[in-house]
Amino acid sequence: MATAENKKPRSSSGVERKQRRKQILEKKKAVEELVKRAVAVKDHLAQFPAFHKYERNGISVYFESAHGDQLTLPTRKYIQNLLKVNMEGPYGSEWPSEEKIKRREMAVPEAQYILVSQLANDCIAQNPGKQDEGVECTDGACTGDRLLGFVHYRFVVEEDVPVVYVYELQLESTAQGKGLGKFLMQLIELIARKSQMGAVMLTVQKSNTEAMAFYNKLRYVISSTSPSRVDPLIGIGKSYEILCKTFEAEAKCKLEEGN
């Protein structure tokens with residue numbers, strides 16, 4: 001039986017390492033729980049009734065929540081078509097392979113959507129003499145609202161930080177330049193804050209200069225997780241940048257604003 005004299009005292013460094021590991025595991029568990037709770041919310045728009053519609057600059061639309069595995073076939077086709085129209089140019093030769101990836105991403109359960117729709121009556125009023133596909137008019141009453149765009153976002157963990165990652169923000173050309181994109185990003189940021197996320201992140205093609213300028217105006221900056229920040233030599237060969245906006249100093253999204 002060992003005596004008190006034979007027992008070796010624990011080193012303070014060993015105790016500190018154990019406590020540190022415990023703290024790291026507890027923090028990781030807390031972050032994962034935040035994301036899990038956010039994913040479990042069925043309708044994030046319900047928390048923001050003032051953001052259910054947008055009526056400015058000659059456009060009138062309303063928003064609805066949806067999940068990737070619940071999208072109707074017409075909605076999935078619409079998303080695919082709008083992605084092709086808007087993104088085939090910026091992706092260039094990479095588009096065929098990227099399109100396949102996006103089609104897989106769009107329909108998974110963790111994919112959350114804000115669908116942007118225009119009331120059928122407004123659509124017909126703005127297009128006299130032209131009946132859009134899917135819109136039917138009977139005795140002056142129009143049915144079948146028309147999609148004008150969407151946001152695809154997810155709750156994920158990046159660099160140990162819980163974030164909202166915006167996979168897509170896509171609007172038809174007729175809905176662009178009217179403040180709608182900015183409004184939708186403000187809504188995404190509200191959702192992120194309400195869900196206690198540390199940041200909003202997104203990926204932008206370098207060739208998509210209009211999108212880069214748009215997000216820069218909204219104070220998104222290049223994250224250190226972007227290839228150009230990880231290794232400038234690697235970044236030169238990559239066609240995209242990862243942008244980020246943090247809400248808390250302790251979120252440690254590792255931004256290098258102004259560089």
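In which sense, parallel or antiparallel, do β8 and β10 pair, and over how many bridges? In this predicted model, the two strands pair in the antiparallel sense, and seven bridges join them. Within this pairing, A199 stands opposite T246 of β10. Strand β8, which covers residues 199-205, is mostly covered, with six of its seven residues buried.

On another side of the description, β8 also pairs with β7, here in the parallel sense and over four bridges. A199 enters this pairing as well, being the bridge partner in β8 of V163. Residue A199 is thus named both as the partner of V163 and as the residue opposite T246. The connection between the two parallel strands involves helix α5, and β7, α5 and β8 together make a right-handed β-α-β unit.

Helix α5 comprises residues 180-194. At 1.5 Å a residue, its 15 residues should span 21 Å, and the end C-alpha atoms are indeed 21 Å apart, so the expected and computed values agree. The buried residues of α5 are L180, G181, F183, L184, M185, L187, I188, E189, I191 and A192. F183, which lies in this helix, has a relative accessible area of 5% and counts as buried, because the cut-off for that class is under 20%. When neighbours within four places in sequence are left aside, the contacts of F183 are F51, K53, Y54, R56 and F63. One of these contacts, Y54, is separated from F183 by 129 residues in sequence, while the C-alpha atoms of the two residues are 8.0 Å apart in space.

E189 is another buried residue of α5, and its relative accessibility is 13%. Its side chain meets that of K245 in a salt bridge, with an N to O distance of 3.1 Å. Because E189 belongs to helix α5 and K245 to strand β10 (residues 240-246), this pair ties together parts that are 56 residues apart in sequence. K245 likewise counts as buried, at 16% relative accessibility. Helix α5 is therefore tied by a side-chain pair to β10, the strand that pairs with β8 in the antiparallel sense.

The segment that follows the helix was also examined. S195 lies in the loop between α5 and β8 and counts as buried at 10% relative accessibility. Apart from neighbours within four places in sequence, S195 is in contact with L34, A38, H44 and F155. Q196, just after α5, takes a positive phi of about 65°.

Salt bridges were then considered for the model as a whole, and the count comes to seven. Among them, E168 forms a salt bridge with K102, and the closest N and O atoms of this pair are 2.3 Å apart. Since E168 lies in strand β7 (residues 161-171) and K102 in helix α3 (residues 95-106), the pair ties together parts that are 66 residues apart in sequence. Both partners are buried, E168 at 8% relative accessibility and K102 at 7%. A further salt bridge joins R154 to E110, with the closest N and O atoms 3.8 Å apart. R154 is in strand β6 (residues 146-158), whereas E110 is in the loop between α3 and β3 (112-118), so that this pair ties together parts 44 residues apart in sequence. The two partners fall into separate accessibility classes, R154 being buried with a relative accessible area of 8% and E110 partly exposed with a relative accessible area of 39%.

The backbone of the loop between β6 and β7 remains to be described. Most residues other than glycine have a negative phi. In this loop, however, E159 has a phi near 55°, a positive value in a residue other than glycine. D160, found in the loop between β6 and β7, has a phi near 65°, which is again positive in a residue other than glycine. As for accessibility, E159 is partly exposed, with a relative accessible area of 45%, whereas D160 counts as exposed at 60%.

Notes:
Residues numbered from 1 in each chain as written. Predicted model: local features only at pLDDT ≥ 70, side-chain atom pairs only at ≥ 80, totals over all residues. Heavy atoms only, no water. Buried < 20%, exposed > 50% of the residue type's maximum accessible area, 1.4 Å probe, protein only. Contact = heavy atoms within 4.5 Å. Expected span 1.5 Å × (residues − 1). Salt bridge = Lys/Arg side-chain N within 4 Å of Asp/Glu carboxyl O. Pairing = 2+ DSSP bridges. Right-handed = clockwise from strand over helix to strand, strands pointing away.
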